[in-house]
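Please look at the sequence and the model together, and take time to find each part in both before reading on. The paragraphs below start from a single turn and then widen the view step by step.

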Amino acid sequence: MFTGIITDVGRVLALEDLGDLRARIATRYDISGIDIGASIASDGVCLTVVAKGTSLDCDPQGWYDVDISAETVSKTSLVAWVVGKRVNLERSLKVGDELGGHIVSGHVDGVAMIVDMVDDGASTRVTLEAPNDLGRFIAPKGSVALNGTSVTVNEVDGARFGINFIPHTKSVTTWGDTKVGDPVNLEVDTMARYVARLRDYD
């Protein structure tokens, strides 16, 4: 489980097809404190660490490897990963950690597209379009995770919804790099899924 609070921005160092996609990600996390088998949300996708190490040839020096199934690649924005891409990272939640965002599973529901971006003072208002079947799970003032970042929804119009990024969020995540047309990993709020499921049985 995760909180949607990004704690590092990593960088894709290498991509290799080994049946599954193997990705090497540079990180500022303390590599000695990451166990093989640990879960790290990478752009909102829960991925398992299969190797780790350090190298003087990369900045930062720490790195870890993950294997990404063809199913995950096809259903997420990871299909667009290239070497050098910056990636939002969050380590898994520990008992006693502060829950600063909302409960995030790291299981992406679909890929939304950025359809508009407008500066509003120092902040940026972003409009996204979700897959049609996910629109009913998104509500004004509700929470969603976008590329692993916990955000509050401002307004909803069908499958389109708006959010706002303050300068701090843009500076400590990859949201300062995004542009119209970018695909975004979308995870809807777990509670919204359960409420919708219960209504289906009314």
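In this predicted model, the hairpin formed by strand 9 and strand 10 has two residues between its strands, and within this hairpin asparagine 147 takes a positive phi near 50°. Most residues other than glycine have a negative phi, and asparagine 147 has its positive value although it is not a glycine. The residue lies in the loop between strand 9 and strand 10. Is asparagine 147 buried or exposed? Its relative accessibility is 7%, and because values under 20% count as buried, asparagine 147 counts as buried.

The two strands on either side of this loop pair in the antiparallel sense, and four bridges join strand 9 to strand 10. One of the bridge partnerships can be followed by eye, since leucine 146 has threonine 149 in strand 10 as its partner.

Strand 9, which covers residues 143-146, also pairs with strand 13, which covers residues 183-188, and this pairing is antiparallel too, with three bridges. Here alanine 145 has glutamate 187 of strand 13 as its bridge partner.

These pairings belong to a wider arrangement, an open sheet of seven strands that runs in the order 10-9-13-7-8-12-11 with antiparallel pairing. Which strands form the edges of this sheet? They are strand 10 (149-152) and strand 11 (155-157), each of which pairs on one side only. Across the sheet, neighbouring strands are turned against each other by 35° on average, when direction is ignored.

A second residue with a positive phi can be found in the loop that lies between strand 8 (123-129) and strand 9, and this residue is lysine 141. Its phi is about 70°, although lysine 141 is not a glycine either. The surroundings of lysine 141 can be described by its relative accessibility of 65%, and with this value the residue counts as exposed, whereas asparagine 147 counts as buried.

Now turn from the backbone to the charged side chains, among which the structure holds eight salt bridges. One of them joins aspartate 65 to arginine 22, with the closest N and O atoms 3.9 Å apart. This pair links distant parts of the chain, for aspartate 65 is in strand 5 (residues 62-68) and arginine 22 is in strand 2 (residues 20-27), 43 residues apart. Aspartate 65 counts as buried at 4% relative accessibility, while arginine 22, at 24%, counts as partly exposed.

Arginine 22 also forms a salt bridge with aspartate 67, and in this pair the closest N and O atoms are 2.4 Å apart. Because arginine 22 lies in strand 2 and aspartate 67 in strand 5, the pair ties together parts that are 45 residues apart in sequence. Aspartate 67 has a relative accessible area of 32% and is therefore partly exposed. Which residues are linked in a network of salt bridges? The network contains Arg22, Arg24, Asp65 and Asp67.

Another salt bridge is formed where the side chains of aspartate 182 and lysine 179 meet, at 3.1 Å from N to O. Aspartate 182 has a relative accessible area of 16% and is buried.

Note on methods: Residues numbered from 1 in each chain as written. Predicted model: local features only at pLDDT ≥ 70, side-chain atom pairs only at ≥ 80, totals over all residues. Heavy atoms only, no water. Pairing = 2+ DSSP bridges. Axes fitted to C-alpha atoms, helices over the stretch in contact; angles between N-to-C directions. Salt bridge = Lys/Arg side-chain N within 4 Å of Asp/Glu carboxyl O. Buried < 20%, exposed > 50% of the residue type's maximum accessible area, 1.4 Å probe, protein only.
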